[in-house]
Amino acid sequence: MTHLHIFATNKKNGATGFGRMEIGLITALREIGVDVTEVHQRKPARGGITLVIGSPKWGAIKQLANTTRWLFTMSESTRVSAEWVEQINDLYAHVLVPTPELVPIYRDSGITVPVSYVPLGVDLNPPAYARRAPNPDTFTWLTYSLGDTRKGAELAMMAFNRLFGGNSRFRLVIKCRDNPLWLSGLEDPQMTIVRGETDDNGWHQLLANANAFIFPSRGEGYGLPPREATIAGLPTIATQWLGLWDIEYWGYPLRVKEMRPSRFDMWEANAEGSLWAEPDAEDLDRRMMQIVTNYPQALSKAVAGRQYLLGNFRWQSVAQKLMMTIEREAVTE
């Protein structure tokens with residue numbers, strides 16, 4: 001197959017995970033020689049296969065009526081919503097997910113069409129590798145939040161206070177895209193909040209100025225921020241669950257203490273009452289101290305992690321695997 005329709009439902013908005021996914025995939029497909037037609041609400045697809053990226057609801061629009069629909073999407077809890085299950089089963093021939101652990105979750109949720117794992121890429125304008133002093137005078141931790149509790153920034157803040165509160169050598173930077181009330185009034189000389197959306201250059205600068213990255217996420221479809229932190233040379237701690245299934249190969253895995261009801265089930269993908277992971281606070285403390293007490297070793301681990309990520313998750317490789325999956329599975333559907 002040398003032609004593929006793609007419906008980028010997030011309009012290639014690089015500020016969102018799905019938008020970056022759309023940009024990386026469309027670019028890489030064209031680089032490997034696939035003729036990509038970008039479908040939109042004023043440009044219908046005619047025949048062939050259309051890959052819808054994002055929410056399955058878009059498969060119902062009339063512009064896709066005369067094409068075979070595939071879906072590339074993700075979710076962040078233990079069960080897919082009934083709404084998504086119905087839409088996927090009614091409208092699509094196949095589903096692609098970027099994390100192997102999502103394959104059984106989609107099947108167990110009631111998805112009856114085939115589900116396949118195809119990873120995402122990490123080399124869409126990746127951060128540059130930055131060398132860091134093995135014994136820095138000031139040690140800066142960096143964490144990340146979208147404004148809710150999903151990324152676990154408050155867990156990083158509490159761990160930082162337990163371990164380094166009052167020690168002026170250490171500081172914590174909280175990158176927060178939105179402006180949540182729970183951060184209002186924070187007055188701590190060791191903590192800095194960077195609010196609002198930043199472009200890639202701004203994000204890369206934050207990574208370059210930090211010494212380590214903490215990502216105690218509770219629900220993750222893929223987890224690009226900690227992967228980009230590792231590519232920048234940062235020793236990285238991340239919860240080993242779902243989208244961060246392979247953290248042991250590129251960072252420090254944070255143990256899951258228990259599964260709890262998701263507080264993110266307002267997102268249409270996640271079923272009401274589905275679960276997400278609660279990171280182990282004691283393990284987070286241990287991992288943070290492990291990095292600080294043997295920082296040269298942590299830097300070496302980050303270099304090895306960077307090599308693993310760039311060696312296994314380049315967008316061109318993703319595009320090739322996607323096309324191999326389509327060509328293999330389309331024959332049997």
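**Note on two helix pairs and two buried residues**

1. Threonine 230 touches Thr236, Trp250, Ala302, Gly305, Arg306 and Leu309, leaving aside residues up to four places away in sequence. The model is a predicted one. Threonine 230 is placed in helix α6. Its relative accessible area is 0%, so threonine 230 is buried, the cut-off being under 20%. The side chain of threonine 230 also makes a polar contact with the side chain of threonine 236, at 3.2 Å.

2. Helix α6 (residues 224-231) packs with helix α8 (residues 295-312): the two axes come within 8 Å and cross at roughly 120°. That angle makes α6 oblique to α8. The crossing in which α6 passes α8 is left-handed.

3. On the α6 side, the residues in this contact are Arg227, Thr230 and Ile231; on the α8 side they are Ala302, Gly305, Arg306, Leu309 and Leu310. By class, the contact of α6 with α8 divides into four nonpolar, two polar and two charged residues. Threonine 230 thus appears again here, and its own list of contacts includes Ala302, Gly305, Arg306 and Leu309.

4. The other helix pair is α1 (residues 17-31) with α9 (residues 315-330). Their axes lie 8 Å apart, and the helices pack at an angle of about 75°. This makes α1 roughly perpendicular to α9, as angles of 65 to 115 degrees count as roughly perpendicular.

5. From α1, the contact involves Arg20, Met21, Gly24, Leu25, Ala28, Leu29 and Glu31; these meet Trp315, Gln316, Val318, Ala319, Leu322 and Met323 from α9. The contact of α1 with α9 has nine nonpolar residues, along with two polar and two charged.

6. Away from the helices, serine 274 sits in the loop between β13 (256-261) and β14 (275-279). Is this loop residue buried or exposed? Serine 274 counts as buried, because its relative accessibility is 3% and the cut-off is under 20%.

7. Serine 274 has a side-chain partner: its side chain makes a polar contact with the side chain of serine 77, at 2.9 Å. Not counting residues up to four places away in sequence, serine 274 touches Ser77, Thr78 and Arg79, and also Arg260, Pro261 and Ser262. Of these, Arg260 and Pro261 fall within the residue range of β13 (256-261).

Key. Residues numbered from 1 in each chain as written. Predicted model: local features only at pLDDT ≥ 70, side-chain atom pairs only at ≥ 80, totals over all residues. Heavy atoms only, no water. Helix = DSSP H or I, 4+ residues; strand = E, 2+ residues; numbered from the N terminus. Buried < 20%, exposed > 50% of the residue type's maximum accessible area, 1.4 Å probe, protein only. Polar contact = N/O pair within 3.5 Å; in protein donor to acceptor, adjacent residues only side chain to side chain. Contact = heavy atoms within 4.5 Å. Axes fitted to C-alpha atoms, helices over the stretch in contact; angles between N-to-C directions. Parallel < 35°, antiparallel > 145°, perpendicular 65-115°, else oblique. Left-handed = near helix turned anticlockwise from the far one by under 90°. Nonpolar A, V, L, I, M, F, W, Y, C, P; charged D, E, K, R; others polar.
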